[in-house]
Amino acid sequence: QGSTDRSLVDTTLPSAGLDSDGLRLYFGALGLSEKEFVALSGAHDLGRHVTLLDMPKSCLKDLTRECLENAPVLMPFVAEEPDRFSNTYFKKLLRWYDRNIELGEVAFIPTDVDLVV
């Protein structure tokens, strides 16, 4: 019973566009409490994402799986050390909320910022 279309849970993985109600519904259906799914979100501290920086023009025209897997630039989502778990994700999320974060410093998805709005 979410309050908006963004609350609708209709996939096997949580959509990056879910709002806070949708996150509660999704993780609640898996048996997780709010505290548990917020802790799980801290895993966004790990890993990297593909950017389009320095991507060959042929890939930009036809973005295939091979292009993404061989991307020339992989940037951390949040942490300076994307292979080490820390609380950097939560610290930067709070800095984002206070509007005290530099452009390009983090790559939050909408569900990240829904945790603090």
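The following paragraphs describe helix α1 and its surroundings, the salt bridges and a nonpolar surface patch in a predicted model. Local features are reported at pLDDT of at least 70 and side-chain atom pairs at pLDDT 80 or more, whereas totals for chains, interfaces and linings use all residues. Residues are numbered from 1 along each chain as its sequence is written, and side-chain values use heavy atoms, with hydrogens and water left out.

Helix α1 spans residues 20-29, where helices (H or I, at least four residues) and strands (E, at least two) are DSSP runs numbered from the N terminus. Within this helix, G22, L23, Y26 and F27 are buried, a term that denotes under 20% relative accessible area, with exposed meaning over 50% and partly exposed in between (1.4 Å probe, protein chains only). Viewed down the axis of α1, the buried residues fall within an arc of 115°, so they line one face of the helix; the arc is that of the directions from the helix axis to the C-beta atoms. These buried residues of α1 pack against α2 (34-41) and α6 (110-114), contact being defined as heavy atoms within 4.5 Å.

At the N-terminal end of α1, D19 acts as a cap, with a side-chain oxygen 3.3 Å from the backbone nitrogen of D21. Such a polar contact is a pair of N or O atoms within 3.5 Å; within protein, one must be able to donate a hydrogen and the other to accept it, and residues adjacent in sequence count only if both atoms are side-chain atoms. Just after α1, G31 takes a positive phi of about 85°. In the loop between α1 and α2 lies L32, which is partly exposed at 28% relative accessibility and touches F27 and L40 when residues up to four places away in sequence are not counted.

The count of salt bridges comes to 5, each being a side-chain nitrogen of Lys or Arg within 4 Å of a carboxyl oxygen of Asp or Glu. In one of them, the side chains of R24 and E34 meet at 2.9 Å, N to O. Because R24 lies in helix α1 and E34 in helix α2, the pair ties together parts that are 10 residues apart in sequence. Both residues are partly exposed, R24 at 37% relative accessibility and E34 with a relative accessible area of 45%. D21, R24 and E34 are linked in a network of salt bridges.

E105, in the loop between α5 (88-97) and α6, forms a salt bridge with K92 of helix α5 (3.7 Å, N to O), and the pair links distant parts of the chain, 13 residues apart. The side chain of E105 also meets that of R95 in a salt bridge of 2.8 Å, N to O; here the link is to a residue of helix α5 that is 10 residues apart from E105. At 5% relative accessibility K92 is buried, whereas E105, at 23%, is partly exposed, and R95 is partly exposed with a relative accessible area of 29%.

A nonpolar surface patch of about 500 Å² is made by V50, L52, L60, L63, L68 and L74. Patches are made of residues with over 30% relative accessible area and no salt bridge, like charges being joined within 9 Å and nonpolar side chains (Val, Leu, Ile, Met, Phe, Trp, Tyr) within 5 Å, while accessible areas come from the Shrake-Rupley method with a 1.4 Å probe, and for residues only the protein chains shown count as cover. Among the patch residues, L63 is placed in the loop between α3 (57-61) and α4 (65-69) and is partly exposed, at 46% relative accessibility.
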